[in-house]
Amino acid sequence: MRRSRRPWALALSVLCAGTAWLAPAGSAHAAETPMISIDSPADHATVDGHTLTVSGRYAETGDLKLVVDAQRTVPVTTDAAAGTWTATVDVGDQDGTVGLAVYGKNLQTLYSKWSNLVSVDVHNPAAAKPAVRIVSPAMSDRLTGATVPVVVEATPGSGLRGVEVRANGRAWRTAHPVPGSPNRYLARLDLRALSPGFAGLEARATDRRGHVGTSTTTYVSLGGAKPAARRTYDQNRAMWVWEQNSYPVVFDTAARDRLGRMMDDTTTFPGSDPVRTLYLGVAASQGKDMLRDSRPQVASFVRWARGRGYHVQAVVAGGTTPPNLGALPPYQHYAISEFEKVLDYNLAVPADARFDGVNVDIEPYSLAPWSDASSNLQVVYLDLLEQLVRLRDASGEPLLFGPAIPSWFDTSTPCCTAVTWHGRTAPLSDHVQDLSDYVSLMDYVDHADNGGIIARAAHEVAYARQIDKPESVVIGVETKDLTGGGDPPSVTFWEEGRTYMEAELAKVYAAYAPDETYFAGIAMHHYGNLLIFPSVQGGGGVTYPQG
């Protein structure tokens, strides 16, 4: 099914609002002003064939990458003398509107720099996938009876070979054509084993060329089931574990055991606390998607963690490349799919193997001129978070919903101090706290006092007290080596070392002791870096044992 251009046009207006993102063509300062442009193909061009050549200009920008439909990056060849770049894109497996954008590093600020966005209409009918949606039941329907009739609408890509339906990750069941209703298919699922409870219904269609189209998940309650109550908890300490480490600990017992030793270690760095909550990255990595393809292995890991007294929350971002693109309207379906796969995993496995929450790491402020009110990106972001919360509620899963947000969501006028959403004007952080169970505040600065961590978290802790949300503010700290990026050294504790960091965190604990009902602890970013983070820099320091 061919996609409309209209959402892509909205993304273009969001990303390219303001002049900081692209120097005007022919500008007198073009040679000095960092810029990237896509000059060919033209926006809305029609493309036939399996390859596409994309080209443009650049200045004062390095490490260029071409992003294709927010799902993959393509190498870019540059000619520094001419200030031009080119790339060849394989579009043989795509049909419909495809978005193109180039980004790189601004050599003056060291932050990301984006080109204009271009959409092309790829005409390749042989690559079209079936379009599939569940017509009935509807989201959040309350169902009774031994069987559930599921009606699916499936539009052929190249003629359908079959349509199937399943519930909670169980076996696929064939859906049969509905007489007199073109493109409609019916399957009757026996869900007595799930009742009372909740079911996530999925559909897929396969065409004669083997292309598979899938539906979004429809969540329904069975036999009068009601969602279980969500319970917050003290998350001290929490730790992000990104995919380069999460896949090894899920699939390799030696890596898992090393993680456990590190989490329990309080002797290598005196004054440190054991880690008791993991924010586990679950995005697809190197051809694997653990939550879709390897549920038994993930279940084994979660059971191992629970057996050691840990909590495990899944981390999801935008499901795009780069991940923050998932905040934009044309790509929000990727972010929603990433979130759904956590819900679907939880519904498919026994209770002792389920995640405790979802840490939502979608960062739209790194994409657009965040201070430009005309972009309306703050409201777009809030709408997306609200949609995710509604999906969580419809699934019946008592997962905690916890966005990772920067500490300046309550400041940085005019972007964040007065955001109007659903008729209420408030700091952006207030809106996020209203709809979430907790926030993990990226309070990235290397000192506790004098306008540091304590002061930057004060508004969020005070607001949690005002709305009476216990254990709802986790304070995150950074330990990465950020040399070579745009952030100043004051963002991270890397230069000072772990011993200094623990002394500063002791001040944070002391400052928020009166608010311990609402302060939910410290989260450290991130596991891979903490393994090499020394007690002091410059020699003589210790790190976690490397064995």
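Which residues in helix 8 meet which residues in helix 9? Keep that in mind; the tour reaches the answer after two other helix pairs. The model on screen is predicted.

**Stop 1: helix 6 and helix 7**

Select helix 6, residues 332–348. Add helix 7, residues 377–395. Their axes come within 10 Å and cross at roughly 20°. Angles under 35 degrees count as roughly parallel, so helix 6 and helix 7 are roughly parallel to each other. The crossing of this pair is right-handed.

Now show side chains. On helix 6, pick Q332, A335, I336, F339, E340, L343 and L347. They meet V380, L384, Q387, L388, L391, R392 and S395 of helix 7. Colour the contact between helix 6 and helix 7 by class: 9 residues are nonpolar, 3 are polar and 2 are charged.

**Stop 2: helix 7 and helix 8**

Keep helix 7 and add helix 8, residues 428–435. Here the axes come within 10 Å and cross at roughly 10°. Helix 7 and helix 8 are therefore roughly parallel to each other. Helix 7 brings Q378, Y381, L382, L385, E386 and V389 to the contact. From helix 8, select L428, H431, V432 and L435. The classes in the contact of helix 7 with helix 8 are 7 nonpolar, 2 polar and 1 charged.

**Stop 3: helix 8 and helix 9**

Hold helix 8 and add helix 9, residues 453–466. The two pack at an angle of about 45°, with their axes 10 Å apart. That angle makes helix 8 oblique to helix 9. Their crossing is right-handed.

Here is the answer to the opening question. S429, D430, Q433 and D434 are the helix 8 residues in the contact. Their partners in helix 9 are H459, E460, Y463 and A464. By class, the contact of helix 8 with helix 9 holds 2 nonpolar, 3 polar and 3 charged residues.

**Stop 4: the second largest pocket**

Go back to helix 6, which also takes part in a pocket lining. The second largest pocket has a volume of about 460 Å³. To centre the view, select N346, R354, F355, E397 and P398. Of the 25 lining residues, these are the closest to the pocket centre.

Which elements give two or more residues to the lining of this pocket? They are strand 17, residues 197–207, and helix 6. Helix 6 gives the most, with 3 residues. Colour the whole lining by class and you get 14 nonpolar, 5 polar and 6 charged residues.

**Stop 5: the loop before strand 17**

Next, find the loop between strand 16, residues 184–190, and strand 17. P196 sits there. Select S195 with P196 and look at the backbone. The peptide bond from S195 to P196 is cis, with omega near -5°.

**Stop 6: the loop between strand 11 and strand 12**

Finish between strand 11, residues 131–136, and strand 12, residues 142–143. P137 lies in this loop. Is the peptide bond from S136 to P137 cis or trans? The bond is cis, with omega near 0°.

Stay in the loop between strand 11 and strand 12 and select S140. Check the phi angle of S140: the value is positive, about 70°, although S140 is not a glycine.

Conventions. Residues are numbered from 1 along each chain as its sequence is written. This is a predicted model: local features need pLDDT of at least 70, side-chain atom pairs count only at pLDDT 80 or more; totals for chains, interfaces and linings use all residues. Side-chain values use heavy atoms; hydrogens and water are left out. On a 1 Å grid over the protein atoms alone, a cavity is a set of points where a 1.4 Å probe fits but cannot get out, and a pocket is an open set with protein on both sides within 12 Å along at least five of seven lines; lining residues have an atom within 4 Å of a point. Grid points are joined across faces, edges and corners, and a volume is the space filled by probe spheres set on the points. Helices (H or I, at least four residues) and strands (E, at least two) are DSSP runs, numbered from the N terminus. Ala, Val, Leu, Ile, Met, Phe, Trp, Tyr, Cys and Pro count as nonpolar, Asp, Glu, Lys and Arg as charged, and the others, Gly among them, as polar. Axes are lines fitted to C-alpha atoms, for helices over the stretch in contact, and angles run from 0 to 180 degrees between N-to-C directions. Angles under 35 degrees count as roughly parallel, over 145 as roughly antiparallel, 65 to 115 as roughly perpendicular and the rest as oblique. A crossing is left-handed if the near helix is turned anticlockwise from the far one by less than a right angle, and right-handed if clockwise. Contact means heavy atoms within 4.5 Å.
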